[in-house]
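Below are some comments on the model you sent, set out as numbered points. Please read them with the sequence and the coordinates at hand.

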Amino acid sequence: MTGTTIFDPAQYKASIRTERRAAAPGWRAWLEVLEAADGGQAVSRSLLELAGIGPGDAVLDVAAGYGEPGLTAARAVAPGGHVVCTDISAEMLAVGRERAAAAGLDNVEFLEFDSEELAFKEASFDAVLSRQGLQFLPDVAGVLARLHSFLKPGGRLAAAVWGPPQTVQFAAPVPLIRAELQLPPPPAGIPGPFALADAGQLVGLVEAAGFTDVETGTMTAVYRTDSPELATRWLRDVAPPITSLVDAQSPVVQQRVWAKVTQAWAPYTTADGRVRLENQAVWVTGTK
């Protein structure tokens, strides 16, 4: 961070709650894009495999949002197992409850919790999962230490975060938006989508929390829309921090910026006019 930047964790968490409240309807509306078989579901499946999850296991999903990878885990731990999904946003968890009910899953519960304030008995879970959540936590080291204590001996952590910005194609328009609005890049060292994109840093944090046999690698989530215009609508609906930057401008500026965002999808538009976005996730695993 710069010398003039003061990071206030309480204010940050309040903004996260506001953003997720705003995002929940959009995430609900775009679930087919977000949870495509080679999209979010591919990451969820991989995390379950990395954690060695099976029938009868007790699983904790941290920063679960609308219930991933927790709902995927709930299917895998049946019969006899159960899953606890936690998130800071009640609105996102409500979407998760809807999804669980629609899928007929009765072995998963949803708890509204700040990840830094999770309180479970030691050795409560066989596995801890997190998909695209750790990078948004102010105190990643503290949370990982807490998660380590929640695991049974031999239990596994499996988490995924976004890779470097240049490997995450859905974020391609963000520098363009900042340039159009003459905004500086966000300060370094604060939580955000790419805060843990350095795999070496991520491994170091997991090892420092007491985990052993720590490994890392990459996987890919693919998001598709039927047109560049729909890709822009999708981004506007699921990314309130980006949308709010543009919506604070005059209508003329808004129209210009969103038109340029639509044009920015050109490198990812296939011959049939659809947009295909490949997004790298970095995974990490460790054992208690």
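The points below take up the sheet, one helix residue and the salt bridges of this predicted model.

1. The sheet is an open one of 7 strands, and its pairing is mixed, with the strands following the order E3-E2-E1-E4-E5-E7-E6. Its edges are formed by strand E3 (108–112) and strand E6 (212–225), each of which pairs on one side only. From one strand to the next, the twist averages 20°.

2. At the E6 edge, strand E6 and strand E7 (residues 275–287) run antiparallel and are joined by 12 bridges. Within this part of the sheet, Glu215 stands opposite Thr285 in E7.

3. Helix H4 (residues 70–77) lies across strand E1 (58–61), strand E2 (82–87), E3 and strand E4 (125–131), and the angle at which helix H4 runs to E2 is about 170°.

4. Is His148 buried or exposed? His148, which belongs to helix H6 (residues 140–150), has a relative accessible area of 16% and is therefore buried, the cut-off for that term being under 20%. Leaving aside residues up to four places away in sequence, His148 touches Ala209, Gly210, Phe211 and Lys288.

5. Side chains of opposite charge can pair when their charged atoms come close. A search of the whole structure finds 14 salt bridges, and one of them is formed by Arg224 and Asp38, whose closest N and O atoms are 2.8 Å apart. Because Arg224 lies in strand E6 and Asp38 in the loop between helix H2 (31–34) and helix H3 (40–51), this pair ties together parts that are 186 residues apart in sequence. Arg224 counts as partly exposed at 27% relative accessibility, and Asp38 likewise counts as partly exposed, at 28%.

6. Another salt bridge is that of Lys260 with Glu180, where the closest N and O atoms are 2.9 Å apart. The pair links distant parts of the chain, with Lys260 in helix H11 (residues 251–264) and Glu180 in helix H7 (residues 173–180), 80 residues apart. Lys260 is partly exposed, with a relative accessible area of 31%, while Glu180 counts as partly exposed at 21% relative accessibility.

7. Asp226 and Arg274 also meet through their side chains in a salt bridge, at 3.0 Å from N to O. Since Asp226 lies in the loop between E6 and helix H9 (228–238) and Arg274 in the loop between H11 and E7, the pair ties together parts that are 48 residues apart in sequence. Arg274 counts as partly exposed, at 31% relative accessibility.

8. Finally, Lys13, Asp114 and Glu116 are linked in a network of salt bridges.

Note on methods:
Residues numbered from 1 in each chain as written. Predicted model: local features only at pLDDT ≥ 70, side-chain atom pairs only at ≥ 80, totals over all residues. Heavy atoms only, no water. Helix = DSSP H or I, 4+ residues; strand = E, 2+ residues; numbered from the N terminus. Buried < 20%, exposed > 50% of the residue type's maximum accessible area, 1.4 Å probe, protein only. Contact = heavy atoms within 4.5 Å. Pairing = 2+ DSSP bridges. Axes fitted to C-alpha atoms, helices over the stretch in contact; angles between N-to-C directions. Salt bridge = Lys/Arg side-chain N within 4 Å of Asp/Glu carboxyl O.
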